[in-house]
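Let's take a walk through a protein model, starting with the whole thing and then zooming in on a few residues. Have a look at the picture before reading on.

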Amino acid sequence: MSAFDFIAAGQQVIVTEQAALDTLKPYINEAFQQACTLILAAKGRVVVMGMGKSGHIGNKIAATLASTGTPAFFVHPAEASHGDLGMITAQDVVIAISNSGEAHEILTILPVIKRMHVKLISITANGNSSLAQFADVSLELGKSEEACPLGLAPTSSTTATLVLGDALAVALLASRGFTAEDFALSHPGGSLGRKLLLRVSDLMHKDDGVPVVNENTLIRDALLEITRKGLGMTAVVNAEGQLIGIYTDGDLRRTLDLEIDIRTTTITSVMNKTPKTIRPQLLAAEAVALMEEKKVNGVIVVDEQRRPVGALNMHDLLKAGVV
């Protein structure tokens, strides 16, 4: 059995699908502008539908829209004929996907959609198709060669559809002023959500968990506070409760080199007088960046009067999955 050149075959697919995207680019035109305007003006949601491979792509487009600030969901056209049309309201916008523009299951329900006065956006490769002619806005994909050597399996056409859906979602996102924090609100369970939603105040040690000693404390007693709180550091405050320094495990090693008596020397003699601090409202991800930049494993959290209100170390951030 002769060896087949899988590498050449795979690379040819990429070349063919790239050509399909080049064909698509001119179709991001006035009709695209109208589709975006229609969606932005809608008081309801975007309902995406498609059969077969177009349905799979439609599912992904609906998910992308929903996660980027445009409420959307997918309805299977065949199920729509058996009751799921009840999920669509007159305030919604329907995006119907069919490469040929002649999918029977979609054409069957179009009269009902029109009777409900629902706005319709079509995505097809044929601007003269029944679906395109029925639509309020017709988005075309252009004529492209399928990557399948038989010219049968939807490949280039589904890639172009997916990219057009992404273009819609991202254009709408940009026009809405959608922020990274907005994105995180729809992704609270993932690592992205943790990085964009968790703040220092959510993770820091508070109240009795904050290691604090006053400026007259002996080094020996400061070490006891560090041990009790287990964070490898302690804040040092003045009589008004304001932070004036920090003492860490690393500072202890340097103290031992000085050969001083830790039982009679106050902490102010050996503390770091320029400690790195952060505010409670800072994003946890920003705290990570700060600690990595300053090469510290722990920081004291202070309020506007520079009084310690919390303590945070790298282990807390690791445990929360922010790092």
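How many helices and strands does the secondary structure of the protein come to? The count is 14 helices and 11 strands. Keep in mind that this is a predicted model.

**The overall picture**

Let's begin with size. The protein has 323 residues, and a compact globule of that length would have a radius of gyration near 20 Å, but here the value is 30 Å. Along the principal axes, the C-alpha atoms fill a box of roughly 90 × 60 × 35 Å.

What about inside and outside? Buried residues account for 42% of the 323. The accessible surface is about 16900 Å², and carbon and sulfur atoms own 54% of that.

Now for contacts along the chain. Take the contacts between residues at least 6 apart in sequence: 64% of these join residues at least 24 apart.

Charges come next. The protein carries 28 positive and 34 negative charges, and the mean positions of the two sets are 4 Å apart.

**Cysteines**

A disulfide is a covalent bond between the sulfur atoms of two cysteines. How many disulfides does the structure hold? The answer is 0. Two cysteines are still worth finding in the picture: Cys36 counts as buried because its relative accessible area, 11%, is under the 20% cut-off. Cys148 is buried too, at 15%.

**Three buried residues**

Here are three residues, each with its place and its relative accessible area.

| Residue | Element | Relative accessible area |
|---|---|---|
| Thr158 | helix H7 (residues 156–176) | 13% |
| Ile95 | strand S3 (residues 93–97) | 1% |
| Leu243 | strand S8 (residues 243–248) | 4% |

Which residues does Thr158 touch, not counting those up to four places away in sequence? They are Lys53 and Ile57.

With its neighbours within four places left aside, Ile95 is in contact with a longish list: Ile39, Val46, Val47, Val48, Met49, Leu65, Ile121, Ile123 and Leu168. Ile95 and Ala135 make a nice pair to look up as well: 40 residues separate them in sequence, and their C-alpha atoms are 9.2 Å apart in space.

Over in strand S8, Leu243 has its own set of contacts beyond four places in sequence, including Ala235, Val237, Pro275, Ile300 and Arg306. Compare the position of Leu243 with that of Glu30: the two are 213 residues apart in sequence and 60 Å apart from C-alpha to C-alpha.

**Two loop residues with a positive phi**

Most residues other than glycine have a negative phi. With that in mind, look at His117, which is not a glycine but has a positive phi of about 65 degrees. Where is His117? The loop between helix H5 (104–115) and strand S4 (119–124) holds it. Is His117 buried or exposed? His117 counts as exposed because its relative accessible area, 65%, is over 50%.

Arg306 also has a positive phi without being a glycine, near 60 degrees. You'll find Arg306 in the loop between strand S10 (298–302) and strand S11 (308–313). At 34% relative accessibility, Arg306 is partly exposed, since that value falls between 20% and 50%. And Arg306 links back to the buried residues above, as one of the contacts of Leu243.

Conventions
Residues numbered from 1 in each chain as written. Predicted model: local features only at pLDDT ≥ 70, side-chain atom pairs only at ≥ 80, totals over all residues. Heavy atoms only, no water. Rg over C-alpha atoms; globule rule 2.2 N^0.38 Å. Buried < 20%, exposed > 50% of the residue type's maximum accessible area, 1.4 Å probe, protein only. Contact = heavy atoms within 4.5 Å. Areas by Shrake-Rupley, 256 points an atom, 1.4 Å probe, with all protein chains shown as cover. Lys, Arg positive; Asp, Glu negative; His and termini not counted. Charge placed at Lys NZ, Arg CZ, Asp CG, Glu CD. Disulfide = S-S within 2.5 Å.
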